2 protein chains.
Amino acid sequence: MGPTIKDVAKKANVSVATVSRVLNNQPGYSEKTKKKVLQVIEEMGYQPNAIARGLINKRTQTIGVLFPSVSSMFSSGVLHGIEHTAHERDHSVIVCNTDEDGKRTMKYLQVLREKQVDGIIFTSEVMKEEYYNALTMMNIPVVLLATSSVRYPFPFVKVDDKQAAYSATEYLIKKGHRKIAMISGTEEDPIAGTPRIEGYREALGDYGIPFQKNLLVFGDFGYRSGRIAMEKLLQTKAEFSAVFAASDEMAAGAINVAYQHGIKVPDHLSVIGYDNLQIAEMSVPPLTTVAQPLFEMGKLAAEMLLTMIETGTRVESRIMPHTIIERQSVAQLS
Amino acid sequence: MGPTIKDVAKKANVSVATVSRVLNNQPGYSEKTKKKVLQVIEEMGYQPNAIARGLINKRTQTIGVLFPSVSSMFSSGVLHGIEHTAHERDHSVIVCNTDEDGKRTMKYLQVLREKQVDGIIFTSEVMKEEYYNALTMMNIPVVLLATSSVRYPFPFVKVDDKQAAYSATEYLIKKGHRKIAMISGTEEDPIAGTPRIEGYREALGDYGIPFQKNLLVFGDFGYRSGRIAMEKLLQTKAEFSAVFAASDEMAAGAINVAYQHGIKVPDHLSVIGYDNLQIAEMSVPPLTTVAQPLFEMGKLAAEMLLTMIETGTRVESRIMPHTIIERQSVAQLS
DNA sequence: CTGAAAGCGCTTACAG
DNA sequence: CTGAAAGCGCTTACAG
C-alpha cells in the first residue's frame with residue numbers, strides 16, 4: 001500500500017507523534033516542523049489510514065442505513081438526503097437492503113455492528129423486538145425514518161400519516177367530491193396502513209359523508225397492487241368520482257387501469273396520491289398528491305443522528321409537514 | 001463497547017490465538033476447545049471487530065460506488081444489483097453521490113482511499129484523467145458501469161449504446177414510421193450521447209430514410225429537458241409520426257407535452273424510450289422502450305469487481321444485451 | 001493442539 | 001516544542 005505515518009515521520013525527521021499532531025491540527029509543534037511535515041506528506045502523497053484511526057478512536061465516520069428496498073423511489077429520495085448531510089459532515093453511508101426480511105435485517109445489523117458504524121438510520125419498516133434488542137446491544141445512536149414506535153424509544157422523523165391522509169381526503173371533498181374511494185396500503189401496517197385509513201375515515205366523518213366499506217380496498221403500496229385494487233373497485237359497480245391512493249405508485253396503477261378502461265382522469269375520475277415521488281410529476285396527467293419531503297426527511301434524520309453521535313445527547317423526534325401538491329389529476333366538481 | 005477477543009480468551013481459558021483460530025475456521029485446536037470457545041462467544045455475545053480485522057488483513061470487505069446522482073431511477077436499479085451481490089459475497093457498499101462534480105468526486109475518491117475500500121464501481125460518468133490517476137494510485141480493482149473508456153484500461157459493463165439506439169429506431173421503422181424524430185441526451189456525451197445519435201442515423205440510413213436535422217433535438221436525459229425538447233420539436237412544424245427519446249425520463253416528458261397539446265400517444269404520435277426504468281411501465285400509455293438490464297448490470301459489475309478483489313486477476317469487459325420491451329406507446333402505421 | 005509475541009497504522013497520555 | 005511507548009482488537013508466523 002501507500003506510505004504510512006511512519007514513512008513520513010522518517011522522511012521528515014520527526015516522530016510519528018508529531019506527524020499525527022499536525023495531521024489532526026493539534027497543538028505542539030513549531031511552524032517550521034509543521035511546514036516540513038506538510039511538505040513531505042504532499043511529496044509522498046500520504047493519506048491517513050481511516051481504519052487504523054477508527055480502531056483507536058472508536059469512531060469510523062460511517063453510518064448504516066437500512067431500507068426495505070433500496071431501489072424504490074421512496075428510498076432513493078431519502079437516501080439522497082441522508083447521503084447529502086452525511087457527506088457534508090464527513091461521514092460515509094453504508095446501504096443495506098433488508099428486503100423486508102427479518103433474517104436479512106438481523107444479518108445486516110450484525111455486519112453493521114462488526115463494522116463499528118457510528119450510528120444507524122432505520123427506515124420505513126416497523127421496529128420489531130428482535131431488531132430493537134440487537135440495536136440496543138450495539139449501544140450506538142439510532143434514528144427511525146418514515147416509521148416510529150411507541151414501545152421502543154428511538155427518536156424518529158416522519159410525517160403525520162393520519163393527518164396527511166385527512167388532508168388528502170379533505171382536499172377531494174373541498175373539490176366537491178362525496179363518493180370517494182380509497183386504495184389503502186397494507187391493512188395491518190401500523191405506520192402507513194391503519195393511520196391513513198383513519199385519516200380518510202375521519203375526514204369523511206367530519207364532512208358528514210358516510211363511510212362505505214366497498215369503497216375501501218387494499219394494496220401493498222406497489223404499482224401492481226394499485227392496478228389490482230383499481231380493478232376491484234371498478235368491479236364493485238359502486239359509484240365514486242375520486243380515489244385517494246395511499247401511495248403514488250398505487251395511484252399510477254389506478255390511473256393506468258382507468259386509462260385502459262377508457263375512464264379519463266380527471267374528467268371522469270379524480271385521483272390523488274401520496275408521497276410525491278418523481279413519477280407524480282411525470283404522470284399523465286400529472287398527479288396531485290400529498291407530498292412527503294423525502295430529501296428533507298433524509299437530511300434531517302442524518303442531522304439528528306450525527307448530532308447524537310457527536311454530542312452523545314438524545315434528540316427530539318420530528319414530525320415533518322406534509323403539503324398537497326396540486327397538479328392535474330383532480331377535477332373540481334360543480 | 002462489547003467484549004473483545006481477549007475477554008473471551010480469558011473466560012474460555014485459552015489464548016487469543018486459539019479464539020482467533022476457531023473464529024476463522026482455521027485448524028489447530030481440539031473439538032473440545034472449539035466447543036468451549038464457541039460457547040463462551042455465545043454467552044458473552046461476542047462479535048469480532050471488523051475494523052481491527054481490516055487493519056491487519058488489509059481487507060475491509062467493503063466496496064465504494066460512485067453515482068452521478070444516487071436518487072435517479074437509473075442509479076436505484078443498478079445499486080440494487082450491486083448491493084445484492086455484494087451482500088451475497090460478504091461485502092458492504094458505501095454509496096457516493098458525485099453530483100457530476102469533479103471536486104466532489106475527487107473528495108470521494110480520497111475518502112474511499114482513506115477508508116481502505118477493497119474496490120470501486122464507477123458509474124455513468126465519463127472517466128477523466130484526474131479520476132484515473134487517483135484511482136490507479138489507490139491500487140485497487142475498479143470497474144466501470146454504464147460507461148467505458150478507451151484511454152483508461154478499466155473493465156466495464158454496459159450496453160452497446162449505438163446498437164441499442166439502432167434497434168429502437170429500426171423498431172419504429174418496421175412499425176411503418178419514416179418521419180422519426182430523436183430527442184437525444186447531451187450532445188457531447190461520448191457514452192450516452194454521440195453513440196445513440198449514431199445508431200439512430202445509421203438505422204435511418206440503412207433503411208433509406210434521409211436524416212433531417214430539424215428532427216434531432218437535444219436534452220440532458222432528464223424529464224424536464226424531455227419536455228423542452230418536445231416543445232421545440234413541435235415548434236419546428238416539421239412532420240414526424242414517431243420520436244425516439246434517449247432516456248425514459250425524456251420520453252415521459254415528451255408524452256406529457258404531447259398530452260397537453262392534445263396529441264394522443266400512440267394514436268397521433270408514437271414514442272419509444274430508452275432504459276426501461278420503473279416509470280416506463282407506469283406511464284400512460286405504458287412506454288415501449290429499449291431496456292438496459294439495470295439490476296443485472298449492477299450484479300455483474302459487483303461480481304466482476306469481487307472476482308478481481310478475490311483473485312487479483314483482471315477481468316473481461318462485458319457488453320450486456322439490450323431488448324425492446326413492447327408496451328403501448330408505439331402504433332403500427334398501415 | 002496451544003500460546004507468547006510481533007505487528008497492522010494510527011493516537012494519546014506522559015515525560016522531558 | 002518533541003519523542004518513546006503503550007495500546008486499539010485483531011491475525012499470524014514461530015516455537016513448543
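# A tour from domains to DNA

Begin by selecting chain A of this predicted model, where eight residues of domain 2 of chain A are in contact with nine residues of domain 3 of chain A, contact being counted when two C-beta atoms, placed from the backbone, lie within 7 Å. On the domain 2 side that touches domain 3, helix 5 (73-88) and helix 13 (294-311) of chain A each give two or more residues, helices (H or I, at least four residues) and strands (E, at least two) being DSSP runs numbered from the N terminus. The residues of that side divide into six nonpolar, two polar and no charged, where Ala, Val, Leu, Ile, Met, Phe, Trp, Tyr, Cys and Pro count as nonpolar, Asp, Glu, Lys and Arg as charged, and the others, Gly among them, as polar.

Residues are numbered from 1 along each chain as its sequence is written, while chains are lettered from A and ligands numbered from 1 in the order in which they are written. In this predicted model, local features need pLDDT of at least 70 and side-chain atom pairs count only at pLDDT 80 or more, whereas totals for chains, interfaces and linings use all residues.

Next, colour chain A by its parts, which are domain 1 (5-48), domain 2 (60-159 + 294-321) and domain 3 (161-292), with bounds from an automatic or database domain assignment.

Now show both chains: a turn of 180° and a shift of 0.0 Å along the axis lay chain A on chain B with an RMSD of 0.0 Å, the superposition being by least squares on the C-alpha atoms of residues with pLDDT of at least 70 in both. This is the relation of a two-fold axis, and in chain A the C-alpha nearest that axis belongs to Ile94(A), 2.2 Å from it.

Move to chain B and select helix 13 (residues 294-311), whose buried residues include Leu294(B), Met297(B) and Leu306(B); buried means that 20 or more other C-beta atoms, placed from the backbone, lie within 10 Å of the residue's own. Among the elements of chain B against which these buried residues pack are strand 1 (62-67) and helix 5 (73-88). Just after helix 13 of chain B comes Gly312(B), with a positive phi near 75°.

Finally, select DNA strand C, which 27 residues surround, the closest being Ile5(A), Ser20(A), Ser15(B), Gly28(B) and Tyr29(B); a residue is near the strand if its C-beta atom, placed from the backbone, lies within 6 Å of it. Helix 2 (16-23) and helix 4 (50-57) of both chain A and chain B each supply at least two residues of this surface.

How values were computed:
Buried ≥ 20, exposed ≤ 12 C-beta atoms within 10 Å, placed from the backbone.
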